Amino acid sequence: MSALSRRSLLRAGAVGATAAVTGSLIEAAPALAARADIGVSVFAFPLGAVTLLPGPFSANAGRIQSYLSFIDADRLLHTFRLNVGLSSSAAACGGWESPTTELRGHSMGHVLSGLAQAYASTGTAAFKTKGDYLVAQLAICQGRAATAGYNTGYLSAYPESFIDRVEARQSVWAPYYTLHKIMAGLLDMHLLAGNAQALTVLTAMAGWVKFRNDRLTQTQRQNMLDTEFGGMNEVLTNLYQLTGNAAHLTTAQYFDHAEIFDPLANNTDALNNYHANTQIPKAVGAIREYHATGTTRYRDIARNFWDIVVGHHIYANGGNSNGEYFHAPDRIASELSDTTTESCNTYNMLKLSRQLFFTDPTRAAYMEFYEKALYNHLLGAQDPNSSHGFHSYYTPLRSGGIKTYSNDYNNFTCCHGTGMETHTKLNDSIYFYGTDTLYVNLFAASQLNWADKSVTVRQDTTFPETSSSRLTITGTATFTMRVRVPSWASGATIRVNNVAQSGVVPGSYAAINRTWANGDVVDISLPMALTRESTPDSASTQAVKYGPILLAGAYGTNNLSGLPTLNPATLQATSTPLQFTGTASTGQVTLLPFYKMHGQRYSVYWNIAASLPPLVAHYQFNETSGTTVSDASGNGKTATVTSPASWVAGRSGNAINLSGSSQYVTLPSGILSGAGACSVAVWVRLDTVANWARLFDFGSGTTANMFFVPRSGSNTARFAITSSGAGGEQRIDAPALTAGAWIHVAVTIGANTGILYLNGAEAARNTAMTLTPGSLGATNQNWVGRSQYSGDPYLDGAVDSLRLYSRVLTAAEVSNLFSTGQ
Ligand SMILES: [Zn+2]
C-alpha cells in the first residue's frame, strides 16, 4: 500500500498507517539500569555474547550490515537539518523519506538501532562511528529548536505543527510513530554503543513529550491515541527503567490506549478492523510497563493480546494482517491476498513473544511461535539476491503471489526500517539465561560466550536443512541446560556425551542438570515430518510443512488465479534438503522452503480434500490381556496401553480399567488430523473424580489439544479445544460427572458449533467453536486417561467403547449409541 493511499485511509477515518518499534530493551545492558525488571526470571544475553556462525542467519546479517555501512549519513540528516534552518547539500532521500512525506525521519531511528545492534554484535567500530556522527548532528538540530520556533527538546524531520494537528485531530500521518523510532534509536545507541550524548538527546525529547501531553486533558490524550504512535509507551518505560526518573513512567502511561487495553484486559478479541501494527507495539509497551510497575493488568493485556493474535489471526508463515488490518477471528482462508503479513507486525510479535517468555518461561509456546515466524516469515523477507538486504513489505499469501523488495534510497518503508533491525539482532534469542540456567531456544549455528559462568557453548548445525544440532561446551560450570523440544519434533532425542537423556517431551524444554566439563557434547535430534496446517475457516485449505518449515509450490511466472489442488500422497522428498515434489491440479510441482522462495510466484496454501473415513476408529476394549487395543472400524488404528492393563466387565463386553496412576491408552498419531468436523463418543465409569483428570486428550502438547475432563477446577465437566494454549481454549461446560455409574459422553464439533451430550441428551453447547481437529496441526499425543499437562492426575476408572468420527453425529445418533449401550 502506498503512502498516498495510507493518507486517504486516514482521511476516511480509518485508524493508522504503518509501524514497528525498535529494539530498545534495558535487558541489553542491565548493569546500566537504575531499576530491575519486575516479574522476570529469564534474561537475554548481550548481543556481543552470541556470535553467529556461517548459516542463513549470518548471511542475512551480513547483507544488512553491508547496507548500514553503505548508507549516507548526510542524506539521512538532510530533512532534519532543513527542519531547523540549517543548510544541507545532500541529495534528498526518496520514498517515505522524501522531503514532502509526513513520515520523514522514521528511518533515522531504524538506522540508529541497526548501527547500535550491528556494533554490539560484531564490535566493528565503523558502525559506532557512523552512529555517533548521526547522534552528534541530531543534537545540533535539537539545539536549534527554539531558533526554528519549536519547543525545547523537539527533534524531528518535520515541523512541530504536525503535533498540533494530531492533538487537534486534524489529518496527519503518524508523527509520534516517527518520534518513537528516533527515541528508540537513541536509546539503542546509548545502551548498545555506549553513546552518552544519545541519552542526553533522548532525555530532552522525553521532556518535550511530557510538556506536550501534560497540557492536554485525559480525554484529549486518549483521542490523540487514535493516531498510530508506535511504541511510545515502550521507549518511555525503558527510559524510566534506565534512569529511575518517574516522570518518564508518567509520560509512558499517557500512551496507554484505553480503547485497545480495556477489551484486552478482559481477554476479549475486539481487534476486527483495527490497523494491525498500530496495536502490536502497544502490547509490547504493556509488558514493559508490567516489568516496570508490577501491575498485573499490564501483563494480562500483553498476554491476552498474544493469545488472541497467535490463536486466531496467524497465517502459516507466522505473520498476521490482510491489507494491514486485523479481521474477524479465525479468518485465514478467506483473507488471502497480495497484501497479507506485513513484516513489521512479525518483527513486533517476536519482540512481544520474547518479553512474555521472560515473564513465563514455563510456556514453550512463546518460543515455538518465535521459531515459526522467524523462519517462515522474516528470514525469507530479505532478498538474498540483494547485497544490501532489501526487504519485503508484505508477504503475499494468495496463490500466485510473489515477494517484492525495497531498495537503497527510494523506498524507506516501515518494513525496510524494521528489516535493518531484525537482521542485526538475529543472535538475540538463540540463548537466554536464568539463575544457573541456560535456555537453548533456537537451533542456529552460533557461539555463546557466557561470561558469568566462564564457559562457551558452540552450536554446530545446518538446521533446518538438517534436523539435528550439536552443542559443545568449553570450560567447566554447573548449570541446568534447558533445551527447547519443539512440538513438531515427535521422537526427539537429546544425548549428552552419547548418553540418552530422559524428559525429552515435545512442546516443552528438556532440563539437563549437570556440572559441565570441558568438551562435553550435547547432541539434539529433532525428527521432521511432513504435516499440514489447516485454516480455521476452511478445513480443506491447507499449508504443507516439513518440521517447522513452511513449504510452498514454486510457480515461476504462473500467476495463479486460485488455490491449486494438491494430492498430499504424492509428496516426495528430493535429494535437495527441504525440497519436495508432488502432483497438483496444475501438474507436477516443486515445493521449496518458503524462506528460500524468491524471484518467482508461489502457492503457500492448497486445496487438499479431507480424506478421513466417516468412522475413523472404534475401540471396544474387549481384550482380556496385553497392551494392544484393536480398532473395530476396520481402519487399522490400533492403540496401545502403557503398562499391562486390567480388563473388567464393561458396558458392553469388556472395558479397560485405568488405575489412576500413570496408566493410559495411546492412539495413533494424527488420529483426527485434518478433520474439519468430528465426534467422540465413549462410556466411562469413574472410580474417583479428580479435577482435570482426562477422559481423553488429543494433541501435541499444551499448545494444541482437545480434551474432556469429568470435572474441571470450576466444578464442571468440560470439553475444550485450543491451538494456542489454555488461554485460547474454546470450551463447553456442563455439570461435573460423578463416580460409580456408567456415563455416556459424546462431543460433536462442526459448523462452528460444539455440543456435549451426557447419557444421550444434550448437556451444553458452544456456538462459537471455530476450532476443529484440523486446527491442531500434527497430533502425536492422543491419549485416553492422560493430560497434555504433566501435573494433571491420570484417570481412575473404566472406559468402554470409544468411537471417533470425522463428521458430526446427529442428536438421534448419539441418543441411539447411549440407549443401545454401544
Ligand atoms: Zn512495515
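These legends walk through several close-up views of a predicted model.

**View 1. Confidence along the chain.** Let's start with how far the predicted coordinates can be trusted. The chain has a mean pLDDT of 93, with 96% of its residues at 70 or more. The stretch to treat with care is residues 1-25, where pLDDT stays under 50. Even so, the model gives residues 1-25 a count of 115 contacts beyond four places in sequence. Where pLDDT is low, the predicted coordinates should not be read in detail.

**View 2. The zinc ion and its four donor residues.** Glu-342 offers an OE atom to the zinc ion, while Cys-344, Cys-414 and Cys-415 each offer SG, at 2.2 to 2.3 Å. What arrangement do the four donor atoms make around the zinc ion? It is tetrahedral, because the donor atoms subtend angles of 93 to 120 degrees, and a tetrahedral label asks for all angles to lie between 85 and 135 degrees. If you are scanning the sequence for the site, the donor residues follow the spacing E-x1-C-x69-C-C. Glu-342 and Cys-415 link distant parts of the chain, 73 residues apart: Glu-342 sits in the loop between helix H14 (296-312) and helix H15 (343-359), and Cys-415 belongs to helix H17 (residues 414-422). Glu-342 is buried, with 0% relative accessible area, and Cys-415 is also buried at 0%.

**View 3. Helix H16, enclosed by the rest of the structure.** Helix H16 covers residues 365-378, and its 14 residues should span 20 Å at 1.5 Å a residue. The C-alpha atoms at its ends are 18 Å apart, which agrees with that expectation. Is H16 buried or exposed? Of its 14 residues, 14 are buried, so the helix is largely enclosed by the rest of the structure.

**View 4. A salt-bridge network around Glu-160.** Here is one place to look among the 31 salt bridges of the structure. The side chains of Glu-160 and Arg-212 meet with N to O at 2.8 Å. Glu-160 lies in the loop between helix H5 (125-143) and H6, and Arg-212 in helix H8 (residues 196-214), so this pair ties together parts 52 residues apart in sequence. Both Glu-160 and Arg-212 are buried. Asp-164 and Glu-167 join Glu-160 and Arg-212 in a network of salt bridges.

**View 5. A salt bridge between strands S30 and S31.** Asp-733 and Arg-718 form a salt bridge through their side chains, at 2.7 Å from N to O. Because Asp-733 lies in strand S31 (residues 730-735) and Arg-718 in strand S30 (residues 716-722), the pair ties together parts that are 15 residues apart in sequence. The two partners differ in exposure: Asp-733 is partly exposed at 34% relative accessibility, whereas Arg-718 is buried at 5%.

**View 6. Arg-458 with Asp-460.** In this salt bridge the closest N and O atoms of Arg-458 and Asp-460 are 3.0 Å apart. Arg-458 is partly exposed, with a relative accessible area of 35%. Asp-460 is likewise partly exposed, at 31%.

**View 7. Gln-170 in its loop.** Gln-170 can be found in the loop between helix H6 (161-167) and helix H7 (175-193). Its relative accessibility of 46% makes Gln-170 partly exposed. How many Å separate the C-alpha atoms of Gln-170 and Pro-793? The separation is 59 Å, for two residues that are 623 residues apart along the chain.

Definitions and conventions
Residues numbered from 1 in each chain as written. Predicted model: local features only at pLDDT ≥ 70, side-chain atom pairs only at ≥ 80, totals over all residues. Heavy atoms only, no water. Donors = N, O, S within 2.8 Å, 3.2 Å for Na, K, Ca; no water. Tetrahedral: all angles 85-135°; square planar, octahedral: opposite > 155°, others 65-115°. Helix = DSSP H or I, 4+ residues; strand = E, 2+ residues; numbered from the N terminus. Buried < 20%, exposed > 50% of the residue type's maximum accessible area, 1.4 Å probe, protein only. Expected span 1.5 Å × (residues − 1). pLDDT = per-residue confidence, 0-100. Contact = heavy atoms within 4.5 Å. Salt bridge = Lys/Arg side-chain N within 4 Å of Asp/Glu carboxyl O.
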